[in-house]
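This briefing is meant to be read with the sequence and the structure side by side. Please keep both in view while going through the points below.

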Amino acid sequence: MTAHSELRLLPWLGSDGKPCYLSTDDNNSYLSRLADSTEAIQLGLANDLVSHALEVLNAGEMEAEDLRSLSADLVGALQDTLRLAASRGHRPLVQESSRHDGSHPRRPETAAGSR
């Protein structure tokens with residue numbers, strides 16, 4: 001088993017909303033592979049969501065309800081990404097998802113001047 005300081009923070013929360021951790025010496029175990037797959041899916045979805053958000057924001061005006069929904073989706077993706085970053089800060093990086101092309105998202109043109 002891994003040392004307590006080497007527990008892997010899993011990319012999901014428990015039923016009580018608390019973080020879940022994995023202790024294993026086998027990076028190829030079922031739970032390790034499931035966590036790797038879940039992380040790749042979360043990163044891919046976050047990447048797709050950023051692209052969608054940029055398109056929507058660059059298109060101009062949008063309804064308040066649509067903006068709230070988009071904001072909620074972005075917050076959820078950011079929470080997943082932050083959990084993943086915290087997890088990877090405590091363990092070696094695994095191979096990135098093939099969906100991640102390494103590019104950085106651009107700021108929306110409509111908001112670039114306001115920052």
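A salt bridge is taken here as a side-chain nitrogen of Lys or Arg within 4 Å of a carboxyl oxygen of Asp or Glu, and a search of the whole structure on that basis finds four of them. The model is a predicted one, and the chain in it holds three helices and two strands, which follow one another along the sequence in the pattern β-β-α-α-α.

**The chain as a whole**

- Of the 115 residues in the chain, 26% are buried, and the chain exposes about 8100 Å², of which carbon and sulfur atoms supply 55%.
- Among contacts in the chain with a separation of 6 or more, 56% are accounted for by residues that stand 24 or more positions apart.

**The hairpin of E1 and E2**

- Strands E1 and E2 pair in the antiparallel sense over three bridges, and Leu9 stands opposite Tyr21 in E2.
- The two strands, E1 and E2, form a hairpin with five residues between them, and in its turn Gly17 has a positive phi of about 80 degrees.
- Side chains alternate along E2, so to the question of which of them are buried the answer follows the two faces: Cys20 and Leu22 point to one face and are buried, while Pro19 and Tyr21 point to the other and are not, buried meaning under 20% relative accessible area.

**Helix H1**

- Helix H1 takes in residues 30-59, 30 residues in number, and reaches 43 Å from its first C-alpha to its last, which is close to the 44 Å expected at 1.5 Å a residue.
- The residue that follows H1 is Gly60, whose phi is positive, near 115 degrees.
- The buried residues of H1 include Ser32, Ala35, Thr38, Glu39, Gln42 and Leu43, and also among them are Gly44, Ala46, Leu49, Ala53, Leu54 and Val56.
- These buried residues of H1 pack against strand E1 (8-13), strand E2 (19-22) and helix H2 (64-88).
- Gln42, whose place is in helix H1, has a relative accessible area of 14% and is therefore buried.
- Once its neighbours within four places in sequence are left aside, Gln42 is in contact with Pro11 and Asp80.
- Tyr30, also found in helix H1, is by contrast exposed, with a relative accessible area of 57%.
- Together with Leu31 and Leu34, Tyr30 forms a nonpolar patch on the surface, and the three residues have about 290 Å² of accessible area together.

**Salt bridges between E1 and H1**

- Side chains of opposite charge can pair when their charged atoms come close.
- Arg8 and Asp36 meet through their side chains in a salt bridge with an N to O distance of 2.7 Å.
- Because Arg8 lies in strand E1 and Asp36 in helix H1, this pair ties together parts that are 28 residues apart in sequence.
- How accessible are Arg8 and Asp36? Arg8 is buried, with a relative accessible area of 9%, whereas Asp36 counts as partly exposed at 24% relative accessibility.
- Arg8 also forms a salt bridge with Glu39, where the closest N and O atoms are 3.1 Å apart.
- Since Arg8 lies in strand E1 and Glu39 in helix H1, that second pair ties together parts that are 31 residues apart in sequence.
- Glu39 is itself buried, at a relative accessible area of 1%.

**A salt bridge within H2**

- The side chains of Arg83 and Asp80 meet in a salt bridge, at 3.3 Å from N to O.
- Both Arg83 and Asp80 lie in helix H2, where they are three residues apart, about one turn of the helix.
- An α-helix has 3.6 residues a turn, so residues three or four places apart point the same way.
- Arg83 counts as buried at 17% relative accessibility, while Asp80 is partly exposed, with a relative accessible area of 25%.
- Turning back to the salt bridges that share partners, these join Arg8, Asp36 and Glu39 into one network.

Terms used: Residues numbered from 1 in each chain as written. Predicted model: local features only at pLDDT ≥ 70, side-chain atom pairs only at ≥ 80, totals over all residues. Heavy atoms only, no water. Helix = DSSP H or I, 4+ residues; strand = E, 2+ residues; numbered from the N terminus. Expected span 1.5 Å × (residues − 1). Buried < 20%, exposed > 50% of the residue type's maximum accessible area, 1.4 Å probe, protein only. Contact = heavy atoms within 4.5 Å. Pairing = 2+ DSSP bridges. Areas by Shrake-Rupley, 256 points an atom, 1.4 Å probe, with all protein chains shown as cover. Patch = residues over 30% accessible without salt bridge, like charges linked within 9 Å, V, L, I, M, F, W, Y side chains within 5 Å.
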